[in-house]
Amino acid sequence: MSESPERRHYRRDSRSPRRRDYVSKGAGRSSSRRRSPAPKHQNRDSRPRDNGYGDRERIKAGYSEKEREKERAGDRKRYDGDVTKDDSDKQLIEAEKPNFGNSGLLAKETNTIKGVEVKYNEPAEARKPTQNWRLYVFKGSEQVDLIHIYRQSCYLIGRDTVITDIPIAHPSCSKQHAAIQYRQISEKSEYGDVTTSVKPFVIDLDSTNGTYVNDIEIPKSRYYELRGSDVIKFGTSSREYVLLAEDTQT
């Protein structure tokens with residue numbers, strides 16, 4: 001027997017109001033019926049991004065895209081300003097970089113005698129002589145002077161009477177013409193023995209007319225070893241300075 005429409009309606013609505021409300025909201029049904037299947041490969045680019053700035057949260061708080069661009073422009077401006085300032089400071093530092101090179105002022109002050117700058121400095125191996133050396137001064141065949149040169153390690157020769165130890169008045173000689181320097185020299189024998197001795201040397205101080213030993217001009221600004229009986233001449237002066245030790249007979 002078929003039911004009338006009124007009967008079916010009565011059966012459908014015969015449930016309690018609480019039950020009808022529960023069923024109408026979908027409770028008790030399988031949620032898989034109405035759920036659409038998720039895509040197998042979800043595209044990551046479809047997710048919303050915040051570009052590392054938390055844009056969504058900032059937009060919610062009233063932080064707009066325009067304000068973010070303005071902030072970025074300000075940051076770039078400050079960065080450019082800092083770079084320019086660093087470059088200018090670097091150029092200023094380079095311009096004011098101190099010069100630690102040798103200016104010569106210190107040596108000039110420490111090598112000054114009676115206000116006159118001395119061109120020559122003694123070397124580290126300078127020593128007083130162990131022999132009593134002398135200079136016998138001849139003009140032609142006549143001996144005109146005798147100079148003892150064993151009381152100190154160096155003797156400065158030239159026309160400047162203020163600082164020289166052996167003054168020479170001849171106009172061809174320079175104010176600081178040459179120097180006789182005693183130096184300690186180490187020598188090794190053929191058997192490997194090392195001996196030290198103090199020997200006399202002469203050095204030309206870049207004079208105009210040169211220094212001569214046995215009528216041969218010596219190199220400028222270089223030590224030239226002297227031996228007994230050597231004849232020294234300065235410039236074009238006719239005076240001859242013969243080097244002899246005290247125990248040598250003239």
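## Strands, loops and the overall make-up

Helices and strands here are runs assigned by DSSP, with at least four residues for a helix and at least two for a strand, and they are numbered from the N terminus. In this predicted model, the secondary structure comes to five helices and 13 strands. One residue that lies outside these elements is Ala124, whose place is in the loop between β2 (116-117) and β3 (133-139).

The protein has 250 residues, and buried residues make up 26% of them. About 19,000 Å² of the protein is exposed, and carbon and sulfur atoms supply 47% of that area. If one takes the contacts in the protein with a separation of 6 or more, residues 24 or more positions apart account for 43% of them.

## A mixed open sheet

Five of the strands form an open sheet, in the order β6-β5-β7-β8-β11, and the pairing within this sheet is mixed. At its edges stand β6 (166-167) and β11 (223-225), and each has a single partner strand, so one side of each is left without a neighbour in the sheet. As a general point, the strands of a sheet pair through backbone hydrogen bonds, and they may do so in a parallel or an antiparallel way.

One can follow the sheet from one edge to the other. Strand β5 (residues 154-158) runs parallel to β6 and is joined to it by two bridges, while four bridges join β5 to strand β7 (residues 178-188), with these two strands running antiparallel. Ile157 takes part on both sides, since it stands opposite Ile166 in β6 and opposite Ala178 in β7. Strand β7 is in turn joined by 11 bridges to strand β8 (residues 194-204), and the two run antiparallel. Within this pairing, Asp204 in β8 is the bridge partner of Ala178, and Val198 in β8 is the bridge partner of Gln184. The hairpin of β7 and β8 has five residues between the strands, and in this hairpin Gly192 takes a positive phi near 90°. Three bridges then join β8 to β11, again in an antiparallel arrangement, and the bridge partner of Ile203 in β11 is Tyr223.

## The loop between β2 and β3

What is the relative accessible area of Ala124, and is this residue buried or exposed? Its relative accessible area is 75%, and a residue counts as exposed over 50%, so Ala124 is exposed. Although Ala124 and Gln184 are 60 residues apart in sequence, the distance between them in space is 9.2 Å, C-alpha to C-alpha.

The loop between β2 and β3 also holds Glu125, whose side chain meets that of Arg183 in a salt bridge (2.8 Å, N to O). Arg183 lies in strand β7, so this pair ties together parts that are 58 residues apart in sequence. Arg183 counts as buried, at 15% relative accessibility, whereas Glu125 is partly exposed, with a relative accessible area of 23%.

## Other salt bridges

The count of salt bridges in the protein comes to six. In general terms, side chains of opposite charge can pair when their charged atoms come close. Another of these salt bridges brings together the side chains of Arg134 and Glu246 (3.2 Å, N to O). Arg134 lies in strand β3 and Glu246 in the segment after β13 (239-245), so the pair ties together parts that are 112 residues apart in sequence. Arg134 is buried, with a relative accessible area of 16%, and Glu246 is partly exposed, with a relative accessible area of 39%.

A further salt bridge is formed by Lys199 with Glu187, where the closest N and O atoms are 2.7 Å apart. Lys199 is in strand β8 and Glu187 is in strand β7, and the two residues are 12 apart in the chain. Salt bridges that share partners join Glu187, Lys199 and Glu225 into one network. Within this network, Lys199 is buried, with a relative accessible area of 18%, and Glu187 counts as partly exposed at 34% relative accessibility.

## A buried serine and two cysteines

Ser207 has its place in the loop between β8 and β9 (211-213). Is Ser207 buried or exposed? Its relative accessibility is 4%, and the cut-off for a buried residue is under 20%, so Ser207 counts as buried even though it is in a loop. A polar contact of 2.7 Å joins its side chain to that of Asp204. Leaving aside residues up to four places away in sequence, Ser207 touches Ser174, His177 and Lys220.

Two cysteines are also buried: Cys154 has a relative accessible area of 10%, and Cys173 has a relative accessibility of 3%. The count of disulfides in the model comes to zero.

Terms used:
Residues are numbered from 1 along each chain as its sequence is written. This is a predicted model: local features need pLDDT of at least 70, side-chain atom pairs count only at pLDDT 80 or more; totals for chains, interfaces and linings use all residues. Side-chain values use heavy atoms; hydrogens and water are left out. Buried means under 20% relative accessible area, exposed over 50%, partly exposed in between (1.4 Å probe, protein chains only). Two strands pair if DSSP finds at least two bridges between them. Contact means heavy atoms within 4.5 Å. Accessible areas come from the Shrake-Rupley method with a 1.4 Å probe; for residues, only the protein chains shown count as cover. A polar contact is a pair of N or O atoms within 3.5 Å; within protein, one must be able to donate a hydrogen and the other to accept it, and residues adjacent in sequence count only if both atoms are side-chain atoms. A disulfide is a pair of cysteine sulfur atoms within 2.5 Å. A salt bridge is a side-chain nitrogen of Lys or Arg within 4 Å of a carboxyl oxygen of Asp or Glu.
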